[in-house]
Amino acid sequence: MIKTNKMLAIVKDKKKVGATLKEVDIPVISVDEVLVKVEATAICGTDMHIYDWNQWAQNANIKEDLVMGHEFCGQVVEIGEDVKHVKIGDRVVAETHIPCATCYQCKHDLQHICANMKIFGVHTDGCFSEYAKLPEKCAYVIDKKIDRKVGAMMEPIGVGVRAISEAEVFGKNLVVIGCGPIGLLTIATAKTAGAAKIISTDISSSRLNLSKQIGADITLNPLKDDVIKYVLNETNQVGTDIIIDSSGSVPAIIDGFKYLRKGGVVILAGLPSEKAEIDLSVDVVFKEARIMGIHGRRMDDTWTKMKSLLENNKLNVIEVVSHEMPLSEFETAFDLLKKGEGSKIILLP
Ligand SMILES: NC(=O)c1ccc[n+]([C@@H]2O[C@H](COP(=O)([O-])OP(=O)(O)OC[C@H]3O[C@@H](n4cnc5c(N)ncnc54)[C@H](O)[C@@H]3O)[C@@H](O)[C@H]2O)c1
Ligand SMILES: [Zn+2]
Ligand SMILES: [Zn+2]
């Protein structure tokens, strides 16, 4: 079936900006792993950090000569002898948080925040390549009818599905801060989950337009609009029930606490690079605000929900994809994203 032991891959082979498309060995699987022929893969912010070799990447303990990429779907072409639930020919997507199976979290149904977690495509070789290997426990079988672009995006879709599952948005007013792929996927899921009113904020008008297309009822640009005043007006001066941050912008999060209603919920998904100064007495204690960070998808709860929604055409996310191009054009893809001209870019090996 596999005719050679070589494949093309995008390798982070330099400790500076850039990466190289080159021939490398096809991964050799262990007894508990599966080998997947990559059908489609998507670029994420983490890949941008690694490509740019920024401060975060330099401190992230990234594998030497890393095959980049972590968001993908593909077909299983080989399985290890201990693999039980995945078969050759299955179409799979990957959970990128690789749990250890032995720590406290792993033993208490919190594998996604394993104490010894490795990240696929950061600490292990990823999927900007023709083939990728992953542990069976991280391979989720999906229906063949799911579009390859959607399959490639299921890992970030899972962040939106997780955020919305935690927030219980049915019949509620919701503000989503930041309309990058994570915010857009969150908005799409909120619409499916029956949020009453979805307000999106971003400093980019093109991203705000996209958020409207995908399900936001009202779009606000903090560079032009008084977001606090607007949200309070839209919620009869009560404040919004729920805020989901997918911007990582500290000023936007701090503003959020001013338009959160008493007893409201704040879900933090964005990763601020600086510390936030929040008035805990006024904004949290007296408000009885509930704050929750989320990091990735619950295994298997989020995956089961997401698969069911997608397989039953109940979650429309295709508009989040801005481009589809061959793997060999990765430099163009990274440039587009850097210029803010793309949303989710799909690469095809
Ligand atoms: N917690 C998790 O599991 C998880 C998973 C993936 C990504 N993330 C994080 O989520 C965030 C979003 O990811 P993404 O891929 O969509 O990134 P992105 O950079 O494409 O999107 C962030 C958006 O926030 C907007 N923004 C910036 N300042 C703003 C402000 N003051 N008000 C409103 N919007 C503002 C930007 O214009 C941009 O559109 C990032 O911080 C990323 O690191 C978290
Ligand atoms: Zn990602
Ligand atoms: Zn663990």
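These questions and answers concern a predicted model and cover its zinc sites, salt bridges, helices and surface.

User: Which residues coordinate the zinc ion (ligand 3)?

Analyst: The donors of this ion follow the spacing C-x2-C-x2-C-x7-C along the chain. Each contributes its SG atom, at 2.3 to 2.4 Å from the metal. The residues are Cys100, Cys103, Cys106 and Cys114.

User: What is the arrangement of the four donor atoms around the zinc ion (ligand 3)?

Analyst: The donor atoms subtend angles of 100 to 118° at the metal. Four donors count as tetrahedral if all angles lie between 85 and 135 degrees. For comparison, the ideal angle for four tetrahedral donors is 109.5 degrees. The angles around the zinc ion (ligand 3) therefore make the arrangement tetrahedral.

User: Are Cys106 and Cys114 buried or exposed?

Analyst: Both residues give an SG atom to the zinc ion (ligand 3). A residue is buried when its relative accessible area is under 20%. By that cut-off, Cys106 and Cys114 are buried.

User: Which protein atoms are donors to the zinc ion (ligand 2)?

Analyst: In sequence, the donor residues are spaced C-x25-H-E. They lie 2.1 to 2.5 Å from the ion. The atoms are SG of Cys44, NE2 of His70 and OE of Glu71.

User: How many residues apart are Cys44 and His70, and where do they sit?

Analyst: Two of the donors to the zinc ion (ligand 2) are Cys44 and His70. Cys44 is in the loop between strand E3 (33–42) and helix H1 (45–52), while His70 is in the loop between strand E4 (66–67) and strand E5 (71–79). Both residues are buried. The pair links distant parts of the chain, the separation being 26 residues.

User: How many salt bridges does the model have?

Analyst: A pair counts when a side-chain nitrogen of Lys or Arg is within 4 Å of a carboxyl oxygen of Asp or Glu. One of them joins Asp13 to Lys22, with the closest N and O atoms 3.2 Å apart. Asp13 is partly exposed at 29% relative accessibility, and Lys22 is partly exposed at 30%. The count of salt bridges is 20.

User: Which residue forms a salt bridge with Glu324?

Analyst: The closest N and O atoms of this pair are 3.2 Å apart. Glu324 lies in strand E17 (residues 321–326) and its partner in helix H4 (residues 148–152), so the bridge ties together parts that are 176 residues apart in sequence. Glu324 is partly exposed at 32% relative accessibility, and the partner is partly exposed at 36%. That partner is Arg148.

User: Which residues are linked with Glu155 in a network of salt bridges?

Analyst: Glu155 and Arg297 meet through their side chains at 3.4 Å, N to O. Glu155 lies in helix H5 (residues 154–167) and Arg297 in the loop between strand E16 (290–293) and helix H11 (301–311), so the pair ties together parts that are 142 residues apart in sequence. Both Glu155 and Arg297 are buried. The residues linked with Glu155 in the network are Glu95 and Arg297.

User: How many of the residues of H5 are buried?

Analyst: H5 has 14 residues, which should span 20 Å at 1.5 Å a residue, and its end C-alpha atoms are 20 Å apart, in agreement. The buried residues include Met154, Pro156, Ile157 and Arg162. After the helix comes Glu168, with a positive phi near 50°. H5 is mostly covered, and its buried residues number 12.

User: How far apart are the end C-alpha atoms of helix H6 (residues 181–192)?

Analyst: Nine of the 12 residues of H6 are buried, among them Pro181, Leu184, Ile187 and Ala190. At 1.5 Å a residue, the helix should span 16 Å. The distance between its end C-alpha atoms agrees with that, at 17 Å.

User: Which residues make the nonpolar surface patch of about 310 Å²?

Analyst: One member, Val285, is found in helix H10 (residues 280–285). Val285 is exposed, with a relative accessible area of 54%. The patch is made by Val282, Val285 and Phe286.

User: How far apart in space are Glu64 and Leu35?

Analyst: Glu64 is in the loop between helix H2 (55–58) and E4. At 55% relative accessibility, Glu64 counts as exposed. In sequence, Glu64 and Leu35 are 29 residues apart. Their separation in space, C-alpha to C-alpha, is 21 Å.

Notes. Residues numbered from 1 in each chain as written. Chains lettered and ligands numbered in written order. Predicted model: local features only at pLDDT ≥ 70, side-chain atom pairs only at ≥ 80, totals over all residues. Heavy atoms only, no water. Donors = N, O, S within 2.8 Å, 3.2 Å for Na, K, Ca; no water. Tetrahedral: all angles 85-135°; square planar, octahedral: opposite > 155°, others 65-115°. Buried < 20%, exposed > 50% of the residue type's maximum accessible area, 1.4 Å probe, protein only. Patch = residues over 30% accessible without salt bridge, like charges linked within 9 Å, V, L, I, M, F, W, Y side chains within 5 Å. Areas by Shrake-Rupley, 256 points an atom, 1.4 Å probe, with all protein chains shown as cover. Helix = DSSP H or I, 4+ residues; strand = E, 2+ residues; numbered from the N terminus. Expected span 1.5 Å × (residues − 1).
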